[in-house]
Every structure is written in structure tokens, then in C-alpha cells.
Amino acid sequence: MKRRGTSKLRDVAAAAGVSVPTASQALNGRARISSTTRTRVLEAARRLRYTPHAAARRLILGRSDSVAIVPGSNMRGIFSDLFYRAVLSGVGGAFEEAGYRMLITPTFRPAAEAPQFVKMAAAREVDGILIAGVVDRRWLAEAVETGTPVILLDNHLPDIPVPAVVNDNAGGAYRATRFLASLGHTRIGFIGAAVDYPFGPETQAGYLRALRDAGLRRDRGLECSIPIDVEEARRRTRTLLALPQPPSAIFAVTDTMAMGVITGARQSGCAIPADITNPPLTTIRVRKEEMGRRAAERLLDLIHGKKLERAVEVLANELIVRGTTGGRR
């Protein structure tokens with residue numbers, strides 16, 4: 001018997017009495033091989049203590065059964081962000097069911113040298129790439145040029161033809177703002193996100209459309225765009241409430257910022273919701289796990305050579321009314 005690690009695929013094939021391609025397909029477990037042949041090959045591999053080298057397996061099968069998960073530059077890490085942690089749960093479930101490993105790369109940071117996911121794509125170390133959040137256009141384009149399937153999650157770039165799965169940012173902002181208007185609020189503050197991906201402008205567009213449809217005049221003094229940060233939202237809320245004509249309601253585009261709004265309002269002497277409206281928190285429910293699952297499923301479709309019906313899939317959200325909203329006093 002050969003020592004551990006020295007057996008090769010051809011040794012397994014010879015011991016099982018089959019060809020090398022048949023042995024490879026039987027070990028891979030996905031080809032239409034009879035159960036008798038598969039059992040014979042597996043038993044031969046066990047006796048010979050055969051373990052396929054990952055690089056050799058990629059060459060033989062033409063795939064790695066692995067995908068790269070790239071945290072975008074808008075997060076510290078994919079596990080430290082509550083939103084993306086929930087999204088990743090959906091991503092992981094879909095890939096696990098399909099038998100794919102997830103290789104999570106370092107958080108993307110702009111640099112002169114190609115990031116890890118581009119190198120992995122060029123070396124055919126992964127079958128696909130899922131990028132969650134913000135990524136540099138240059139490196140995204142280079143990854144696409146390698147021929148490796150790529151999908152964006154929570155981001156889309158209209159000028160680069162990469163499939164994406166996103167939340168209905170504009171629709172959610174519209175529903176929240178129209179709800180506040182329906183309660184009788186005519187001066188609705190907006191605390192938006194100063195980010196360089198569509199979430200920022202899309203939420204503001206939804207807010208403005210809701211004002212127009214409600215017959216309310218836009219007041220730019222009630223609007224601001226800031227980093228997604230509790231403390232900054234708290235400071236901006238105090239500034240808004242110090243205006244000669246302050247808002248009677250404030251819409252913040254993330255739950256994190258909304259918590260800063262609540263703190264700032266209380267520090268300004270307001271009762272919530274009696275004096276101002278955004279506990280439990282009235283919010284737009286984003287189907288985070290479904291976003292992740294759909295992005296993973298679409299990437300698997302691309303890996304398997306399927307054509308997607310639409311480039312960008314937009315998932316609907318839901319307004320959840322809780323204790324932080326009330327009518328105008």
C-alpha cells in the first residue's frame with residue numbers, strides 16, 4: 001500500500017477498474033455514475049488513502065466549488081455590521097445547500113495593487129464572486145474581464161453590466177415619508193446617508209417624491225446627508241430642532257441613524273412621539289436574509305451558465321409602524 005498522500009487519481013482508477021475520468025466523476029459525486037461504480041471507486045480511494053489536491057481537482061473538473069465573498073469598503077468587516085451579518089446568513093445558507101465553500105476576503109480597501117478577489121478570479125481559484133457593498137469600479141471591471149461570474153449585493157452600477165440584488169431604497173423612503181405626511185406632518189426632516197453608492201441618492205429621491213405627492217413644499221433646510229453614524233445623527237437632529245421652524249417629524253434612512261435622532265430629540269427636550277416622530281422604532285423592514293439568498297442563487301445560476309432575466313433584482317420592503325410615530329400636535 002502506498003504511503004498517505006502519494007496515491008494519484010490514476011492509482012484509484014486502476015484499483016477500481018475504471019477510467020481516470022470515471023474515477024474523477026465518481027469522487028466528485030455529481031456525474032451520472034452507477035451506485036455500484038461509485039462505491040467501488042470510493043472504496044479504492046479509501047484503501048489507497050487518496051486525497052485530491054485542490055489545484056489538481058480544479059484542473060480535472062474545471063471548477064473549484066468555491067465562491068469569494070467580498071466585504072465592500074463601506075463596512076469594517078462583514079461580521080461586525082449587523083445589516084450585513086443578517087444578509088450573510090442568507091448567502092451562506094444558499095451556498096451550503098449547493099455544496100459550495102465560501103472564501104471571505106479581507107474588506108475591500110482602494111489600493112494600487114489588485115485586491116485578493118481579482119487575483120483569485122484570474123487564477124481560477126473561485127467559480128464566482130459576490131461583492132457586498134461598495135467596490136472600486138476599476139477592480140470590479142478587471143474581475144469581470146477574467147470571465148469569472150460576479151454579482152453585486154446592496155449596490156449596483158448602471159454603467160457596468162454586473163448583475164445585482166438590491167433593496168427598494170426609493171420605495172421604502174417613499175412609504176415612510178408618505179406615512180408621516182398622512183399623520184398630518186407638513187415639515188418632515190430628512191437625515192440621509194452620505195455614501196458613494198445608490199442607497200444615498202435613492203432614499204432621498206423617494207423622500208422628495210413623497211413630499212411632491214403629498215402636496216408638501218420642499219425645504220432644503222430640513223435635509224442633510226451625513227455618514228451612517230449615531231453620534232452624527234444626534235448632532236444633526238439637535239441642529240434641526242433648533243431651527244426657528246423645526247420639523248415635527250424626522251425620517252432617518254437607517255435604524256442606526258434613527259437611534260441618534262431619538263437621542264438628539266430627547267436631549268432637545270422633545271417627547272417621542274408626542275413632540276417629534278422619527279421605544280420600539282417605526283422602520284422600513286428590509287428582507288436581509290432573502291437579499292443574501294437571492295444574490296447567492298443568482299450567482300449560482302451564472303456559474304451554471306444560465307441567463308438572468310433581469311440585470312438588477314429589486315426586493316420590496318415593508319413599513320413597520322411602532323411606537324415612535326404619532327400625529328402632528
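Visitor: How much surface does the protein expose, and what share of it do carbon and sulfur atoms supply?

Guide: Accessible areas here come from the Shrake-Rupley method with a 1.4 Å probe, and for residues only the protein chains shown count as cover. The protein exposes about 16,400 Å², of which carbon and sulfur atoms supply 51%. This is a predicted model, in which local features need pLDDT of at least 70 and side-chain atom pairs count only at pLDDT 80 or more, while totals for chains, interfaces and linings use all residues. Residues are numbered from 1 along each chain as its sequence is written, and side-chain values use heavy atoms, with hydrogens and water left out.

Visitor: What percentage of the residues is buried, and how many helices and strands are there?

Guide: Buried means under 20% relative accessible area, exposed means over 50%, and partly exposed lies in between (1.4 Å probe, protein chains only). Of the 329 residues in the protein, 48% are buried. Helices (H or I, at least four residues) and strands (E, at least two) are DSSP runs, numbered from the N terminus, and the protein has 12 helices and 11 strands.

Visitor: Which residues have the most contacts inside the largest nonpolar core?

Guide: A nonpolar core is a set of buried Ala, Val, Leu, Ile, Met, Phe, Trp, Tyr and Cys residues joined through side-chain atoms within 4.5 Å. The largest one has 34 residues, and those with the most contacts inside it are Ile188, Ile191, Phe251, Val253, Met257 and Ile276. At least two residues of this core come from each of helix 8 (169-182), strand 6 (188-193), helix 9 (199-213), strand 7 (223-226), helix 10, strand 8 (249-252) and helix 11 (255-267). Helix 11 gives the largest share of this core, five residues. Apart from this core lies another, of 23 residues, among them Tyr84, Val87, Leu153 and Ile303.

Visitor: With which residues is Val253 in contact, leaving aside its neighbours within four places in sequence?

Guide: Contact means heavy atoms within 4.5 Å. With those neighbours left aside, Val253 is in contact with Phe190, Ile191, Gly192, Ala193, Phe199 and Thr203.

Visitor: What span does helix 12 reach, and which of its residues are buried?

Guide: The expected span of a helix is 1.5 Å times one less than its number of residues. Helix 12 (residues 288-303) has 16 residues and reaches 23 Å from its first C-alpha to its last, close to the 22 Å expected. Its buried residues are Met291, Gly292, Ala295, Ala296, Arg298, Leu299, Leu300 and Ile303, and what covers them includes strand 1 (66-71), helix 5 (82-98) and strand 10 (312-315). Gly305, whose phi is positive, near 80°, follows helix 12.

Visitor: How many salt bridges are there, and where do the partners of one such pair, Arg235 and Glu232, lie?

Guide: Side chains of opposite charge can pair when their charged atoms come close. A salt bridge is a side-chain nitrogen of Lys or Arg within 4 Å of a carboxyl oxygen of Asp or Glu, and by this rule the count comes to 19. Arg235 and Glu232 meet in one of them, at 2.3 Å from N to O; being three residues apart in helix 10 (residues 230-241), they are separated by about one helical turn. Arg235 is partly exposed, with a relative accessible area of 39%, whereas Glu232 counts as buried at 15%.

Visitor: Which parts does the pair of Glu318 and Arg285 tie together?

Guide: The side chains of Glu318 and Arg285 meet in a salt bridge at 3.7 Å, N to O. Glu318 lies in strand 11 (residues 318-320) and Arg285 in strand 9 (residues 283-285), so the pair ties together parts that are 33 residues apart in sequence. Glu318 is partly exposed at 41% relative accessibility, and Arg285 is partly exposed at 41%.

Visitor: Where does Asp154 lie, and is this residue buried or exposed?

Guide: Most residues other than glycine have a negative phi, and most peptide bonds are trans. Asp154 has a positive phi of about 65° although it is not a glycine; it lies in the loop between strand 4 and strand 5 and counts as buried at 10% relative accessibility. Arg124, also not a glycine, has a positive phi of about 60° and lies in the loop between helix 6 (116-122) and strand 3. With a relative accessible area of 47%, Arg124 is partly exposed.
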